[in-house]
Every structure is written in structure tokens, then in C-alpha cells.
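Visitor: I'm new to looking at protein structures. Could you walk me through this one, feature by feature?

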Amino acid sequence: MKHQNMESRKLVGQTVSTGFQVGVRRTFPISPEQAWTFLTSPEGMKLWLGNVPPLAITKGESFTSDEGISGQLRIVKPLSQLRLKWGKKEWEKPSTLQIRILSNRPDRTTISFHQENLDHPNTREEMKLYWENVLNIVGQQTST
């Protein structure tokens, strides 16, 4: 009974050890190659990083955008996954962001943003809206 009460006090998106997390994903009528090419293009990176100087999409590459988003690429698996430190200038510590490209068909691809190590439920909600907006724009810009 005690375990059940502790579970019921946990907030949406709260983890045992990494603060809060959020995941947003959407499927688009594009190939995995198109998804990767768009997300790693200057136009695509502007959506999820802000205005940054041209980046080499390689492990260890650091960035800081004009909007105050900074971080470092930690894992780069072309056509499949990016894992990076990602934080806003007003945050005490960066979060971990994973972008995954998931597909088992050449003409349908799911783009997933998963962020963890968020400090508060309000930050989680803010980032949920942020990533939903990013995916909305990806949909608009890749459907033309």
C-alpha cells in the first residue's frame, strides 16, 4: 500500500532519477533520408537549435545559438539518431535530447524528440509545446 501511495504522488513525466522527461513524435510521408537531410540542414537545425553557425554533425561538436540554446552532440548515427546536451541560457543545467528517425517503409518516417533531465513540470510542459511546434513546422516544410 505504501508503494502505491508513492507512485500516485509522482507527476506526469517525472522519473525516479532524471527529473522530468517529455517525448513527442510524428509520422511524415517522407523517407528516412529526407527526414535526416532536413533535420541536419541549416533550415532544419534552425527549428530545433535556433540560429547557429554551420555545424559539422559529428560527435563532440558544440553549438550556441543566437537564441541562447547551447549544447554538444554526444551520439551521431546518420539516418537514425542524434543524442546531445541541449539547454537554454536561463537553465541551471542542460537536458539530454534524443532525436530519432524511425522507419520500416521507404515512404513513411517517424521523427521523435525525447528530452530528459528537465528540472520542473512547467519546463516539461514548455518543451512539450516547443517540440510539437517543431514537428508541425517540419510537416509544413517537408510536404511541399
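**Reading the model**

Guide: Happy to, and keep in mind that this is a predicted model. Let's begin with empty space inside: the count comes to one cavity of 30 Å³ or more.

Visitor: How does anyone look for a hole like that?

Guide: Rolling a probe the size of a water molecule over the atoms shows where empty space is left. Here, the largest cavity has a volume of about 30 Å³.

Visitor: Which residues line the largest cavity?

Guide: You'll find Trp36, Leu39, Ser80, Gln81, Leu82, Ile99, Arg100 and Ile101 around the largest cavity. Helix H2 (32–39), strand S4 (81–88) and strand S5 (95–105) each give two or more residues to that lining. The largest share comes from S5, with three residues.

Visitor: How many residues of that lining are nonpolar, polar and charged?

Guide: Five are nonpolar, two are polar and one is charged.

Visitor: Okay, on to the strands. What holds a sheet together?

Guide: Strands of a sheet pair through backbone hydrogen bonds, either parallel or antiparallel. In this model, six strands make an open sheet, and reading across it you get S1-S6-S5-S4-S3-S2, with antiparallel pairing. Strand S1 (20–28) and strand S2 (62–64) are the edge strands, each pairing on one side only. On average, neighbouring strands of this sheet are turned by 20 degrees against each other, ignoring direction.

Visitor: Can you show me how neighbouring strands match up?

Guide: Sure, start with S2 and S3, which run antiparallel and are joined by three bridges. One partnership to look for is Thr64 with Ser70 in S3. These two strands form a hairpin with four residues between them, and Gly68 in the turn has a positive phi of about 90 degrees.

Next door, S3 and S4 pair in the antiparallel sense over eight bridges. Gln72 has Lys85 in S4 as its bridge partner.

Further along, eight bridges join S5 to strand S6 (residues 108–118), again running antiparallel. There, Thr96 is partnered by Glu116 in S6.

Visitor: Where do the helices sit against the sheet?

Guide: H2 lies across strand S3 (69–77), S4, S5 and S6, and runs at about 155 degrees to S5. Helix H4 (residues 121–142) also packs on the sheet, touching S1, S3, S4, S5 and S6, with its direction at about 15 degrees to that of S1.

Visitor: You mentioned a positive phi. When should that catch my eye?

Guide: Most residues other than glycine have a negative phi, and most peptide bonds are trans. One residue to check is Leu79, with a positive phi of about 70 degrees although it is not a glycine. Look for Leu79 in the loop between S3 and S4, in the turn of a hairpin with three residues between the strands. Another is Asn117 in strand S6, where phi is near 65 degrees.

Visitor: Why is Asn117 called buried while Leu79 is called partly exposed?

Guide: Buried means under 20% relative accessible area, and partly exposed means between that and 50%. Asn117 has 19% relative accessibility, so it counts as buried. Leu79 has a relative accessible area of 38%, so it is partly exposed.

Visitor: Is Leu118 buried or exposed?

Guide: Leu118, found in strand S6, counts as buried because its relative accessibility is 2%. Try finding Gly87 as well: the C-alpha atoms of Leu118 and Gly87 are separated by 9.5 Å, and the two residues are 31 residues apart along the chain.

Notes. Residues numbered from 1 in each chain as written. Predicted model: local features only at pLDDT ≥ 70, side-chain atom pairs only at ≥ 80, totals over all residues. Heavy atoms only, no water. 1 Å grid on protein atoms, 1.4 Å probe; cavity = no way out; pocket = protein on both sides within 12 Å on 5 of 7 lines; lining within 4 Å. Points joined across faces, edges and corners; volume = space filled by probe spheres on them. Nonpolar A, V, L, I, M, F, W, Y, C, P; charged D, E, K, R; others polar. Pairing = 2+ DSSP bridges. Axes fitted to C-alpha atoms, helices over the stretch in contact; angles between N-to-C directions. Contact = heavy atoms within 4.5 Å. Buried < 20%, exposed > 50% of the residue type's maximum accessible area, 1.4 Å probe, protein only.
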